[in-house]
Amino acid sequence: LDKKQSKQFHNLLLTLMADQEFKMKVSVAYSKSYSTLCELFGEGFGINGHTVFSLSVQFLNREQYVSEISHKHSFLTNATMSLSNMLMEPGSNHMLINVRSKLLSRRRYNPIISDFKIVFIIPEMTRFFITTSSKRLLKLLHNIQFMHAQVRSTTVHLGYEDKEWTNAFNLCLSFSSIFDHLVGWFSLESSATRVYSNHVCDVEMLDDLGSADTSIVAKQSSNEVGNSLMSVEDILKATYASTVHWQVDYLRQHSVEQRVPSLSLRNPPIAYKLPSTLVALSFHLPLHRCLATMIQEALKYPHHIDTIASFLKELTDPQQLSSLIDFPLSAMLFSVQVKIGMWRRNGTSMMDQLLNYADVPFCRVYRDLDQLLIQFALLQYP
């Protein structure tokens, strides 16, 4: 449709949305076609602000519609898979697309992020998402960890400065905005314990399907004996386990084993894999910051005192704790090196990255969360 026809059609749909039955049918159709819409939009079809995505706010902020399309049509699971498929290299479920890609530079992922933020206004649906789709979200965060790692130039000045660093920051900031909404349900006293629900889909069955349509499985599992919605302690442990898994994978692939002290300056020295973060550094650790955001939110509420105490008991492995400290600490080390001029040969963009990491307003979701995670881990460090 041309711009005039598109605007007229959009206005017609907005007028018809006053009818509740019509709005429900639109929400179901939106859910069923979501994967295709996201795939086409990621390929460049459609203009931001002039697509069907702009209509989603009409029903995604209402629990009755979100509940219907999530429980019966697996909207939240489809949305998570669509975001993952959009950001991963075609044919790969573990490799992020090139940070220079037009999809990232033009932020074609924004409509999906926006849909999540609208849905997560509803605490009950956020908890449902955590229970049914957190595994897939954590896998996606695992895949974009340490993106845009940079190596310091020690001989000559770089001849050309590209702007790909902005793509990495924009993507991670978008995920950080999701984290803020993702922990909203922590304020509920019921979040401290598991809650029975007959709408929870079998997560393992959904994961086995990969990118296939999950509506049939969702319908079958909702008719079976329901599962429990996850508690705050459950998601803390799951996020920590995913973070540890990434750390082990990264150190295995990018390091050699030496007998060195931890970056956290703990003694005595231990047999430790020296990470290449000492050479290549990155400001982007979304898994660690997701965990830090959850810890920060849980610490606000007295009904999570036992939750935090129980979670601390999980932090028992010294090497895992060292890594949990070292990676956020490497980002802080990176910022200090830039500040004192050690990265001057890499160009003026390094100072721009430092401002995003360490200064307001974005320090709240970068440096501050790194500090919090280090402090929290040190509570259990032997």
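Start with H8 and H10. In this predicted model, helix H8, residues 110–119, packs against helix H10, residues 164–182. The angle is about 10°, and the axes are 9 Å apart. Angles under 35 degrees count as roughly parallel, and H8 and H10 are therefore roughly parallel to each other.

Who makes the contact? From H8, take Asn110, Ile113, Phe116 and Lys117. From H10, take Ser174, Ser177, Ile178 and His181. By class, that contact has three nonpolar residues, four polar and one charged. Look at the spacing on the H8 side. An α-helix has 3.6 residues a turn, so residues three or four places apart point the same way.

Next pair: H5 and H6. Helix H5 covers residues 63–73, and helix H6 covers residues 75–87. Here the angle is about 75°, with the axes 6 Å apart. The range 65 to 115 counts as roughly perpendicular, so H5 is roughly perpendicular to H6.

Which residues meet there? On H5, Ile69, Ser70 and His73. On H6, Phe75, Leu76 and Asn78. The split is three nonpolar, three polar and no charged.

Stay in H6 for a moment. Ser82 sits in that helix. Is Ser82 buried or exposed? Buried means under 20% relative accessible area. Ser82 has 6%, so Ser82 is buried. What touches Ser82, once neighbours within four places in sequence are set aside? Tyr34, Ser35, Cys38 and Ile112 do. Ile112 is 30 residues away along the chain, yet its C-alpha atom is 8.2 Å from that of Ser82. Ile112 falls within H8, the helix we began with.

Now Met125, in helix H9. Met125 is buried too, because its relative accessible area is 2%. Leaving out neighbours within four places in sequence, Met125 contacts Val66, Ser67, Ser70, His71, Leu76 and Val119. Two of those names have come up already: Ser70 and Leu76 take part in the meeting of H5 with H6. Take Val66 as the long-range example. Met125 and Val66 are 59 residues apart along the chain, and their C-alpha atoms are separated by 7.6 Å.

On to H17, residues 349–358. This helix is mostly covered, with seven of its 10 residues buried. Which ones are buried? Ser349, Met350, Gln353, Leu354, Asn356, Tyr357 and Ala358. And what covers them? The cover includes strand S1, at 150–151, and H10. It also includes helix H14, at 286–298, helix H16, at 318–339, and helix H18, at 367–378. So H10 turns up twice in this talk, because H10 is also the roughly parallel partner of H8.

Now the backbone. Most residues other than glycine have a negative phi, and most peptide bonds are trans. Three places to check on the model.

First place: the bond from Val360 to Pro361. That peptide bond is cis, with omega near 5°. Pro361 belongs to the loop between H17 and H18.

Second place: Arg107. Its phi is near 50°, positive in a residue other than glycine. Arg107 is in the loop between helix H7, at 102–105, and H8. How accessible is Arg107? Its relative accessibility is 37%, so Arg107 counts as partly exposed.

Third place: Phe146. Phi is near 60° there, again a positive value in a residue other than glycine. Phe146 lies in the loop between helix H9, at 123–144, and S1. Unlike the partly exposed Arg107, Phe146 is buried, with a relative accessible area of 6%.

Last topic: the second largest pocket. Its volume is about 590 Å³. How many residues line the pocket? The lining has 22 residues. Ser6, Gly46, His50, Thr51 and Val52 lie nearest the centre. Two elements give two or more residues to the lining: helix H1, at 3–16, and helix H3, at 34–42. H1 has the largest share, with seven residues. By class, the lining holds 11 nonpolar, eight polar and three charged residues.

One link back to finish. Tyr34, Ser35 and Cys38 are among the contacts of Ser82, and the range of H3 is 34–42. So keep H3 on screen while you look at buried Ser82.

Terms used. Residues numbered from 1 in each chain as written. Predicted model: local features only at pLDDT ≥ 70, side-chain atom pairs only at ≥ 80, totals over all residues. Heavy atoms only, no water. Axes fitted to C-alpha atoms, helices over the stretch in contact; angles between N-to-C directions. Helix = DSSP H or I, 4+ residues; strand = E, 2+ residues; numbered from the N terminus. Parallel < 35°, antiparallel > 145°, perpendicular 65-115°, else oblique. Contact = heavy atoms within 4.5 Å. Nonpolar A, V, L, I, M, F, W, Y, C, P; charged D, E, K, R; others polar. 1 Å grid on protein atoms, 1.4 Å probe; cavity = no way out; pocket = protein on both sides within 12 Å on 5 of 7 lines; lining within 4 Å. Points joined across faces, edges and corners; volume = space filled by probe spheres on them. Buried < 20%, exposed > 50% of the residue type's maximum accessible area, 1.4 Å probe, protein only.
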